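Here are some short exercises to work through with the model open beside you. Try each task before reading its solution.

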Amino acid sequence: MDWDDFRRALAFERLPCALVDLDALERNVDRVRARIAGTGRTVRVASKSVRHRGVLRRVLDRGGDAFRGLLCYSADEAAWLASHGFDDLLIAYPTVQRAALDAVAQKVALGATIRCIVDSSDHLEALGAAARRASISLDAVLDLDVSYRPLGGRAHLGVRRSPLRSAEDVGALARAAKSVPGVRVVGLMAYEAHVAGLPDASASAGAAKNAAVRALKSLAIPAVRALRGAAVSAMRAEWPDATLVNGGGTGSIEVTAADPAVTEVAVGSGFLCSHLFDGYAGLDLEPAQFFALEVARVPDRDHVTCAYGGYVASGTPGIDRLPMPWSPRGLAWVGLEGAGEVQSPLRVDRAERRPRIGDPVIFRHAKAGEMAERFREYLMVRGDAIEAREPTYRGEGTCFG
């Protein structure tokens with residue numbers, strides 16, 4: 001969509017508003033599906049990067065047999081999605097909260113397939129207790145931390161996740177699960193966040209740091225594969241029928257799918273292509289998710305000021321966590337103000353077209369799922385026409401973060 005398309009689509013809309021380019025979304029689904037074609041792997045859609053039932057359903061439907069289930073980010077979210085007809089749900093983050101696990105157990109008792117991540121005996125015991133209260137069995141997936149730790153562990157590249165850091169750790173917890181009534185181990189998660197979630201080139205890092213990141217990622221990939229393969233063997237020595245092995249993300253689709261130990265790859269942000277993914281080498285995805293702000297003021301010939309806009313993403317603070325001015329091209333943040341709570345000024349001296357008061361300026365969020373927390377609905381746009389209006393999680397009166 002160009003700026004004129006956006007202007008026509010939003011001519012009678014209240015701003016701020018959020019929209020999804022359906023043509024771009026569908027092309028992104030097709031591109032992801034093409035990347036795993038012939039690998040024997042399936043895609044599990046990461047809900048935390050979407051947080052919108054309508055988009056989740058569209059992605060799953062278009063993905064067809066190559067897409068299988070959702071990677072949920074909480075137990076409560078999984079239970080809620082199951083109540084809306086979604087199935088084959090894997091909960092990515094563990095909990096011992098009784099109410100949340102009981103909600104999951106109730107859905108499983110009604111026939112839903114929901115699997116829970118665990119990485120400790122505490123998680124196993126809580127899961128088993130919920131299973132026994134519901135008179136069912138609950139499926140556990142062991143979470144292996146595959147962060148890169150060279151120099152004998154003195155250096156660390158990756159996220160701080162599970163205490164399971166070796167095949168021996170996985171084998172020990174798999175054995176422990178055998179003594180917990182109501183729990184069965186069905187798989188392993190091994191998310192290489194330092195590969196899938198770390199851009200090859202970041203706007204907030206210099207050339208030297210970006211080069212170092214790329215070098216470390218190339219060293220980390222074979223280490224992930226070796227550790228994941230050994231852990232799968234250790235798990236299956238205790239639970240031979242544990243077949244699910246989940247890994248990866250948008251930034252590592254092909255690398256993860258090439259690992260013979262993996263059965264499925266998680267993908268989320270890539271379908272909407274928030275701007276952090278512009279920094280990944282080799283990704284051919286296109287922006288599909290946007291928000292629009294109204295130009296409320298023109299303080300001088302070099303600037304326009306938009307109303308609202310302070311939608312800053314989580315993570316390490318930096319310029320790359322700000323929304324990206326997208327259309328018309330050439331707009332730039334004012335360094336001393338940035339994206340503000342009630343106003344967001346932009347430089348226009350290099351813009352291809354100068355917005356006037358009342359015009360929409362189009363932005364991309366840094367993280368796709370977090371944008372849904374700011375808006376109650378997405379306008380589903382095709383060309384310059386609004387095809388549907390569909391609520392986000394927030395618009396449905398719920399949130400899970």
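A residue counts as buried when its relative accessible area is under 20%, as exposed when it is over 50%, and as partly exposed in between, using a 1.4 Å probe and protein chains only. Please keep in mind that this is a predicted model, in which local features need pLDDT of at least 70 and side-chain atom pairs count only at pLDDT 80 or more, while totals for chains, interfaces and linings use all residues. Residues are numbered from 1 along each chain as its sequence is written, and side-chain values use heavy atoms, with hydrogens and water left out.

**Exercise 1. Two positive phi values**

Task: Decide whether arginine 51 is buried or exposed, then do likewise for serine 135.

Solution: Begin with the backbone. Most residues other than glycine have a negative phi, and most peptide bonds are trans. Arginine 51 has a positive phi, near 55°, and serine 135 has a positive phi near 60°.

Next, place them, taking helices (H or I, at least four residues) and strands (E, at least two) as DSSP runs numbered from the N terminus. Arginine 51 sits in the loop between strand 2 (42–46) and helix 3. Serine 135 sits in the loop between helix 6 (121–134) and strand 6 (138–143).

Now read the accessibility. Arginine 51 is buried because its relative accessibility is 11%, whereas serine 135 is exposed at 67%.

**Exercise 2. A glutamate and its partners**

Task: Find which residues glutamate 370 touches, not counting residues up to four places away in sequence.

Solution: Start from its position, in helix 12 (residues 368–371). Its relative accessible area is 19%, so glutamate 370 is buried. Then list the contacts (heavy atoms within 4.5 Å): glutamate 370 touches Arg51, Val312, Ala313, Ser314 and His365. Arg51 is the buried loop residue of the previous exercise.

**Exercise 3. Cysteines without a bond**

Task: Explain why cysteine 116 is not bonded to cysteine 72.

Solution: A disulfide is a covalent bond between the sulfur atoms of two cysteines. The cut-off used here is a pair of cysteine sulfur atoms within 2.5 Å, and the structure holds 0 disulfides. The cysteine sulfur nearest to that of cysteine 72 belongs to cysteine 116, 10.0 Å away. That separation is too far for a bond, so cysteine 116 is not joined to cysteine 72. As for accessibility, cysteine 72 is buried at 1%, and cysteine 116 is buried at 5%.

**Exercise 4. One side of a helix**

Task: Work out why the buried residues of helix 7 lie on the same side.

Solution: First collect the residues: in helix 7 (residues 167–177), Ala167, Val170, Gly171, Leu173, Ala174 and Ala177 are buried. They cover an arc of only 170° around the axis (taken from the directions from the helix axis to the C-beta atoms), so they lie on the same side of helix 7. An α-helix has 3.6 residues a turn, so residues three or four places apart point the same way.

**Exercise 5. The cores**

Task: Identify the residues with the most contacts inside the largest nonpolar core.

Solution: A nonpolar core is a set of buried Ala, Val, Leu, Ile, Met, Phe, Trp, Tyr and Cys residues joined through side-chain atoms within 4.5 Å. The largest has 99 residues, and Phe67, Leu142 and Phe271 have the most contacts inside it. Helix 2 (residues 22–36) gives the largest share, 6 residues. A second, separate core has 12 residues, including Phe6, Leu10, Cys17 and Phe290.

To finish, follow phenylalanine 271: leaving out residues up to four places away in sequence, its contacts include Leu25, Val29, Val32, Val59 and Phe67.

**Exercise 6. Two cis peptide bonds**

Task: Find where proline 16 and proline 328 lie.

Solution: The peptide bond from leucine 15 to proline 16 is cis, with omega near 5°, and proline 16 is in the loop between helix 1 (3–9) and strand 1. Another cis bond joins serine 327 and proline 328, with omega about 5°. Proline 328 belongs to the loop between strand 12 (324–327) and strand 13 (332–333).
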